[in-house]
Amino acid sequence: MKRGSGILLPISSIPSKYGIGSFSKEAYEFVDKLAEAGQSYWQILPLGPTSYGDSPYQSFSTFAGNPYFIDLETLTEEGVLTAEECDACDFGGNPVQVDYGKLYEERFTLLHKAYERSEIYKNEKFQKFQQENAFWLDDYALFMAVKKCFDGKAWSEWAQDVRLRWGFALDYYRETYYYEIEFYKYLQFKFLEQWTRLKTYANKKGIRIIGDIPIYVAFDSADAWANPQLFQFDEENLPVAVAGCPPDAFSATGQLWGNPLYRWDYHRYTGYDWWTRRMAHCYKLYDVVRIDHFRGFDEYFSIPFGAETAMGGHWEKGPGMELFHTLERNLGRRDVIAEDLGLMTPSVEKLVADSGYPNMKVLEFAFEPEKETGYLPHDYDKNCVVYTGTHDNDTVISWYQELDKEQRAFLNEYMDNADTPNEEIHWDMIRLAMMSAANICIIPMQDYLGLGNEARINHPSTLGCNWKWRLGREEITPELLEKIKKLTRISFRCDRGNKASTTHHLKVMGL
């Protein structure tokens, strides 16, 4: 990937109407602003339908899209909803916070009305969509319909016949809930239709989409229910062990994610067919794929099922380069970002190096006095992606306030910015990232805005306070876009144009 820069902003954080960011006109306006600021990338978080806890990293399907992102205004233009119906819904009173409880109560009622009025069965494009995506769509739609039948319970709590996918039971539910199944297929059709239109618009503007996928699927997902042979399950299709990570800077007892672990021997036997399908689907949605927890392909942390913390887990070997050689043979060489944060062992470092994929550098991890962190810019080669912070980090302003005296002194000396006011420190950090050798620089929107802890996306190992932040409608000003563009140009991360233009911008920057 050539030298460039971009902004991290989840779809949910776009200031669309009706409670959550969507594929709305505001999303197109954000693309316009990215282009105006000279950016090359828009990084988003996973697009899958969220389950309990609202995390995009715990989805009901690794293939499906989140129905919340379907733009309701587009549906009103299609005549299947009215503006009055949408305006009458209560999506919460805070325009910069997502209220997932109210979304759940209101959104699906509206979407069901849209489906009932759509006469979608007559749509030839819908028929083609079903045929092309049958390998995941049929199981997902059935899964969601049966889940609704069982009052939203996890599939491990369903009746045995459908939980274990006995043939007569699947036939019964397919017939009994035919229209509910079609409703969930309709949602996926509209999701893909609207997202494809937005992505095409971004690409024409010179903006590439960086998607984000978790290495694991959720246990309560169509993937795990429909394909138990892919996972380390017992004869009752319950996990033998689950995923997580050992104690680290985020948690003294480790992180117990609870995701089912893969049976890598089975995947190898099938020629990694499921992974090939998964990644092929990803490249229909994104231009670049960031794979979360990349180190799990080298070694993964296995925690006994039923454990209360991750402290009793142990490491086991993953598929290594064999998987990526297979994917390249099947799909060609594609752009991947390897999320290699956390504990790095020589074997993990070798896997990242052998893959050739750019890895991640996070400035908020860099400033430890008397310690080589590997995250300071003087350590970078070009083949990496630098961030001030990620969705799991605090904003730069809030992070800086929490530094101890030694860390702050080291940071100020490293950046020679002892005179910078605390409320402006984010610009010094952004400039440090932009000026680094890293081919790609991605800055969270909150850091460009200089926001504090109230704008943090996620606090790992916590529930109830995450994934809610939304951008204010007027927060991205022309002045901010111009400042971003100037910094992008002077760091050689966009087309600098002719010599006269370049000289002008150098003078503006005081150089």
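The lining of the largest cavity leans on 15 nonpolar residues, joined by seven polar and three charged ones. That cavity has a volume of about 200 Å³, and keep in mind that this is a predicted model. Besides the cavities, there's an open pocket to look at, plus a mostly covered helix 17 and the packing of helix 5 on helix 6.

**Cavities**

- The count comes to five cavities of 30 Å³ or more.
- The largest cavity is lined by 25 residues, and if you want to find its centre, go to Pro 46, Gly 48, Ser 61, Thr 62 and Pro 214, which are the closest to that point.
- Two elements, strand 3 (208-214) and helix 12 (273-285), each put at least two residues into the lining of the largest cavity.
- Next comes the second largest cavity, with a volume of about 150 Å³.
- Its lining has 19 residues, with Ser 12, Pro 46, Pro 56, Phe 69 and Tyr 100 closest to the centre.
- Pro 46 turns up again here: it's on the list of residues closest to the centre for the largest cavity and for the second largest cavity.
- By class, the lining of the second largest cavity splits into 13 nonpolar residues, five polar and one charged.

**The second largest pocket**

- This pocket has a volume of about 570 Å³.
- Of the 25 residues that line the second largest pocket, Phe 60, Tyr 68, Tyr 104, Phe 108 and Met 144 lie nearest its centre.
- Helix 4 (100-118), helix 6 (134-149) and helix 9 (178-204) are the elements that give two or more residues to this lining.
- Helix 4 chips in the most, with seven residues.
- The pocket lining is a mix: 12 nonpolar residues, seven polar and six charged.

**Helix 5 on helix 6**

- Helix 6, which also helps line the second largest pocket, packs with helix 5 (residues 124-132) at an angle of about 100 degrees, and the two axes are 6 Å apart.
- That angle makes the two helices roughly perpendicular, because anything from 65 to 115 degrees falls in that class.
- On the helix 5 side, the contact uses Phe 129, Gln 130, Gln 131 and Glu 132, while helix 6 brings Ala 134, Phe 135 and Leu 137.
- Sorted by class, this contact has four nonpolar residues, two polar and one charged.

**Helix 17**

- Eight of the 10 residues in helix 17 (residues 425-434) are buried.
- The buried ones are Ile 425, His 426, Trp 427, Met 429, Ile 430, Leu 432, Ala 433 and Met 434.

Notes
Residues numbered from 1 in each chain as written. Predicted model: local features only at pLDDT ≥ 70, side-chain atom pairs only at ≥ 80, totals over all residues. Heavy atoms only, no water. 1 Å grid on protein atoms, 1.4 Å probe; cavity = no way out; pocket = protein on both sides within 12 Å on 5 of 7 lines; lining within 4 Å. Points joined across faces, edges and corners; volume = space filled by probe spheres on them. Helix = DSSP H or I, 4+ residues; strand = E, 2+ residues; numbered from the N terminus. Nonpolar A, V, L, I, M, F, W, Y, C, P; charged D, E, K, R; others polar. Buried < 20%, exposed > 50% of the residue type's maximum accessible area, 1.4 Å probe, protein only. Axes fitted to C-alpha atoms, helices over the stretch in contact; angles between N-to-C directions. Parallel < 35°, antiparallel > 145°, perpendicular 65-115°, else oblique. Contact = heavy atoms within 4.5 Å.
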